[in-house]
Amino acid sequence: MTNSKEVNLSIDSRIISHLGEALIDNEKVALLELIKNASDADANICTVVIDTTYQSKYGQGRIVIEDDGSGMNPFIIENGFLRIATSIKQKYQKISPKFNRLAQGNKGIGRLALNQLGEYLSVATKLDTSLIENTGLFSNKNLKNIFGNDNRDDLYRENANVYYEFDIDWKRYEESEGPVENVTLDLYTLEYKNHNNTFSHQKNHGTRIEVLGLKGLSFWRNPKVARELESDVLAFLNPYLDEKSNFRVAIDLDGQKFRSNRYDKKYIKNVCDSGFIFSFDNDTNEFRFTLFRNKKYINRVVDKLLLEMDKYNFDLISVIDYESIYDKYLTVTKIFLIDQVENIKKHFSQAKVDEMYTYTTDDSIDNIYLPGNFSGEFYGFDFGSGNTPQDVRKIIDSIIGVKLYRNNFRIFPYGDKANEWLGMSSFNTRYKGVLFKTHTTTGYVDINGERNLELLEELTNRQGLVLNNYGSNFLTLMREVVYKSAAIEDSKLSDDFSFSRKKANSAQPGEMLTFAGLQFKKRPNFREEAYKKSAKVEVGLADIKKKIENPNLLSAQEIEEISIGLEKDVVDLKNDIKLIEKEFVNKE
């Protein structure tokens, strides 16, 4: 006889701490997750205060994360914040209602970041009721899915004058012997009088999270962490944010204050030596790029050639038509399809794309798994002596590297100093004339789109893209098509104006050489000419001396002619000596 009964998987409450440690790499990544959540909530500002000296009954240290975003009501708290590995945003709100931001935190693990940070947390949140009042933001159906009630009047009345608080003591989950749902929490509804009682900002909505008993005190006290907060956490936001992307972060670590910066793209474009703007449209499969150069950079390349030719005794004999040079080198635009491997090879033979993932359609054509729309800009600088002003260099050094962003939030580790995701260094060992190098280039790549939000997935620990067909192909396209297009197109200027020492050395006096349409003529060797003329004078003097011994051999007229000839040779010799001296000065 066989008996059966229904059974279910159950999860022990200790899983909370295990998941936090496994899915969140470190305190910095945990903090980034919480900043992402503030952006998803349509906040304008997120402030973080870290105080490692603060004492409470839960231990030493405190972190306060506060935003002026949309806040939460009880339905969102229970079904969103307190439910692990599910997300209202992923199902019903991929795009934020106010600022149309694509959701960053869509895996439902952000609250585990709080467990990684400290032993205890307290949350205070006030819903932005203007979201309910504005009938254009949510349909009644979405009101039900997101706020738990499709009646606007009821929702407004329930949330207009109250805010909510709840606490989580993580030790209760570690000490509990039962399933995770056995650990209950108290959700308090409190009267909301004004923002000064709840928030430090001036808006009547938002969320304030206080973490007590920091687990990583040594991490926050490490001197390197302050630099990491400035370079990584604040660089987490794209410094080339458009004005409409109105989200800022302010961090205070034991009195050291950092703020996210915004840099003017127009200014960077104006001061860079070479720039590269590109985009890919998944609907048309077109890859488009424009490379542009600064006139001052072009002038320096021309001047460098002139200087090198002068060092090797060449004179420019053609007129420099700068306008024609600018017409040829200031900008170049190209467009080609990247839907198939053969199309890429046809238009850009330098790309190594044979290993890209493809699928075969009904017409037996191998198409590339394409990652959705992407775009970006590179800005290259010639950091040679005196080429870049110090104030510009200081700005560029602080944002060096080409970084990857989704919805203006950085995806690590792409663009870190140790991460060669574009293959710049290996390429530059073969092509010396490229301006776009790891230490001279800043820029960004943007994958802000609903389609690639689904196709280009991030690893659960937020340390890179999932290398599926789409993720692998995207990185290959960035390395083989995007960067190589920029590098090869950029190198054409220096290649065309490159100086050939071998040709210059082997050229004979009077021989002509042409570089980039400019004609040069080899000067005579003034030292050799001087030797010849001094020898001629020496012979002439010996001849006069011989003839003077027999005065009858010379007439007065002949003596005068010889004297005039010698005087001319001496003048020529002096001129050659002056030219030799000038040549030495130039070489010095």
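The legends below describe close-up views of a predicted model. Local features need pLDDT of at least 70 and side-chain atom pairs count only at pLDDT 80 or more, while totals for chains, interfaces and linings use all residues. Residues are numbered from 1 along each chain as its sequence is written, and side-chain values use heavy atoms, with hydrogens and water left out.

**View 1. The largest nonpolar core and I63.** In the largest nonpolar core (buried Ala, Val, Leu, Ile, Met, Phe, Trp, Tyr and Cys residues joined through side-chain atoms within 4.5 Å), which holds 54 residues, I63, F147, W220 and F247 touch the most other members. Helix 2 (residues 27-40; helices are DSSP runs of H or I, at least four residues, and strands runs of E, at least two, numbered from the N terminus) gives the most to this core, with 6 residues. Leaving aside residues up to four places away in sequence, I63 has contacts (heavy atoms within 4.5 Å) that include V48, L117, I209 and W220.

**View 2. The salt bridge of E458 and K36.** The side chains of E458 and K36 form a salt bridge (a Lys or Arg side-chain nitrogen within 4 Å of an Asp or Glu carboxyl oxygen) at 3.6 Å, N to O. E458, in the loop between helix 19 (450-455) and helix 20 (469-496), lies 422 residues apart from K36 in helix 2. K36 is buried (under 20% relative accessible area, with exposed over 50% and partly exposed in between, 1.4 Å probe, protein chains only) at 2% relative accessibility.

**View 3. The network around E458.** E458 also meets R406 in a salt bridge of 3.6 Å, N to O, and both residues are buried. Through shared partners, salt bridges join E33, K36, R406 and E458 into one network.
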